[in-house]
Amino acid sequence: MKPLLKRSLLRAICVGLSVLLCACTGPQPRTEPSDERKLTVIGFSQVGAESDWRNGNTKSMQQAFSAENGYRLILEDAQQKQEKQITAIRNFINQGVDYIVLAPTTERGWDTVLAEANAAGIPVIIVDRMIEVADDSLFTCWIGSDFRKEGDTAVAWMDAHMPEDARIVHLQGSIGSSAQIGRTEGLMAALETHPGWSLVFQGSGDFIQAKGQELVESLLKSGTEFDVIFSENDNMAYGAIDALKAAGLQPGKDVTIISFDASSTALRLVLSGAITLDVECNPMHGPRARSVIEQLRSGETPPKYTYVDETRFDASNLTEEIISRRGY
Ligand code: AHR
């Protein structure tokens, strides 16, 4: 047989075989150019990486919005700056994401950029802190903590355990954030009803360990005396503990430390006695935000506001088992 004839015959046999194969296996699925096409795209504007709480929150979002779960998460870290969050949201709009999730730095200043997201038809889900906007239809829903309740929980404990003449150092979180506003409001209200309590210092450590440490170091250097540190998060409490120890003081004995978040590292410090009370602020919002998005996708209307259930820990109710089950 001539070589050209042989090649044509072979080609004809191959085509015949593949037609037969297709007929046996049924219609083949149309191949998508890329798997990315099927994923729901989430633009997540995160506050930063200032605390154990925040890192736990980021991890929770990454796990919930994974490719295995059908999502592509675009995470933008704003380094605790609102202007970076506004830029990130505008970028998400330009990229045409399906949903925007915003963990806001502060409560105010969102009206304009959320109106832009609204005009682009992108639903916005707020997690963690609250926002204050003139028109609350600018966001679809909110999931987070009742920060004022957390403050009230801490002062109810102080009321039962602290002397009437307690001298208090107040380490505040980032000024203008709901976490700072609610916890501070709780303490301020209690100071009005406890005339014997005195506020010997109040200042912001921005939820950062190093800043908490600096503030307490300079108080100790200036000779300020105090009995209680009311630290608006765990990381500032870690800094305060380091400063007290460096000055030869015993945290938990010489100074009572009250903290917020209840991360696993801090709960170990509750067990060891360095932190006396830790009020829980739960950061595991990933599955909660995903559930809201799933409701929206299936045409349901999720609740506008979802408050997370939280508790408080001191030596009386804390166990190793509770700590080992913490996800942050
Ligand atoms: O908004 C939640 C607060 O932000 C947490 O208490 C703090 O640790 C975080 O940075």
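Reader: Which residue is the bridge partner of Val 279 in E12?

Author: That's Arg 312. One thing before we go on: this is a predicted model.

Reader: What makes E10 and E12 count as paired strands?

Author: Two strands pair if there are at least two bridges between them. Strand E10 (residues 277–280) and E12 are joined by 2 bridges, and they run antiparallel. That reaches the cut-off, so the two count as a pair.

Reader: Which sheet do they sit in, and what is its strand order?

Author: An open one with 6 strands, in the order E7-E6-E8-E9-E10-E12, and its pairing is mixed. We've just met an antiparallel pair, E10 with E12. For a parallel one, look at strand E8 (residues 228–231) and E9, which pair over 3 bridges. There, Val 228 stands opposite Thr 256 in E9.

Reader: What makes E7 and E12 edge strands?

Author: Strand E7 (198–204) and strand E12 (312–313) each pair on one side only.

Reader: Why is E9 called largely enclosed?

Author: Buried means under 20% relative accessible area. In strand E9 (residues 256–261), 6 of the 6 residues are buried, so the rest of the structure largely encloses this strand.

Reader: Which residues of E9 point which way?

Author: In a regular strand, side chains alternate between the two faces of the sheet. Here Thr 256, Ile 258 and Phe 260 point one way, while Ile 257, Ser 259 and Asp 261 point the other way, and all are buried. As for what lies over the strands, helix H8 lies across E6 (167–172), E8, E9 and E10, running at about 155° to E9.

Reader: What is the order of strands in the parallel sheet?

Author: That open sheet has 6 strands too, in the order E2-E1-E3-E4-E5-E11. Strand E2 (71–77) and strand E11 (305–307) stand at the edges with a single partner strand each, so one side of each has no neighbour in the sheet. On average, neighbouring strands are turned by 15° against each other, direction ignored. Inside this sheet, strand E3 (residues 99–102) and strand E4 (residues 124–128) run parallel and share 3 bridges. One example is Val 101, whose bridge partner in E4 is Ile 125.

Reader: How do you describe the way H7 and H8 pack?

Author: Two packed helices are described by the angle between their axes and the distance between the axes. For helix H7 (residues 209–221) and helix H8 (residues 234–246), that's an angle of about 40°, with the axes 7 Å apart. H7 passes H8 in a right-handed crossing. Residues that meet there include Val 216 and Leu 220 from H7, and Tyr 238 and Ala 243 from H8. The residues of this contact divide into 7 nonpolar, 5 polar and 2 charged.

Reader: Is Asp 242 in H8 buried, partly exposed or exposed?

Author: Buried is under 20% and exposed is over 50%, with partly exposed in between. Asp 242 has 35% relative accessibility, so it counts as partly exposed. Leaving out residues up to four places away in sequence, Asp 242 touches Gln 209 and Gln 213. Asp 242 and Gln 213 are 29 residues apart in sequence, yet their C-alpha atoms are 6.6 Å apart in space.

Reader: What makes Asp 206 and Phe 207 worth a look?

Author: Most residues other than glycine have a negative phi. For Asp 206, though, phi is positive, near 60°, and for Phe 207 phi is also positive, near 70°. Asp 206 is in the loop between E7 and H7, and Phe 207 is in that loop as well.

Reader: Why do these two get which burial labels?

Author: The cut-off for buried is under 20%. Asp 206 comes out at 21% relative accessibility, so it counts as partly exposed. Phe 207 comes out at 4%, so it counts as buried.

Reader: Where is Arg 326, and is it buried or exposed?

Author: Arg 326 is in the segment after helix H11 (320–325). Its relative accessible area is 18%, so it is buried.

Reader: What makes the link between the side chains of Arg 326 and Tyr 328 a polar contact?

Author: A polar contact needs a pair of N or O atoms within 3.5 Å. The one joining these two side chains is 2.8 Å. Beyond its neighbours within four places in sequence, Arg 326 is in contact with several residues, among them Asp 261, Glu 280 and Phe 313.

Notes:
Residues numbered from 1 in each chain as written. Predicted model: local features only at pLDDT ≥ 70, side-chain atom pairs only at ≥ 80, totals over all residues. Heavy atoms only, no water. Helix = DSSP H or I, 4+ residues; strand = E, 2+ residues; numbered from the N terminus. Buried < 20%, exposed > 50% of the residue type's maximum accessible area, 1.4 Å probe, protein only. Polar contact = N/O pair within 3.5 Å; in protein donor to acceptor, adjacent residues only side chain to side chain. Contact = heavy atoms within 4.5 Å. Axes fitted to C-alpha atoms, helices over the stretch in contact; angles between N-to-C directions. Left-handed = near helix turned anticlockwise from the far one by under 90°. Nonpolar A, V, L, I, M, F, W, Y, C, P; charged D, E, K, R; others polar.
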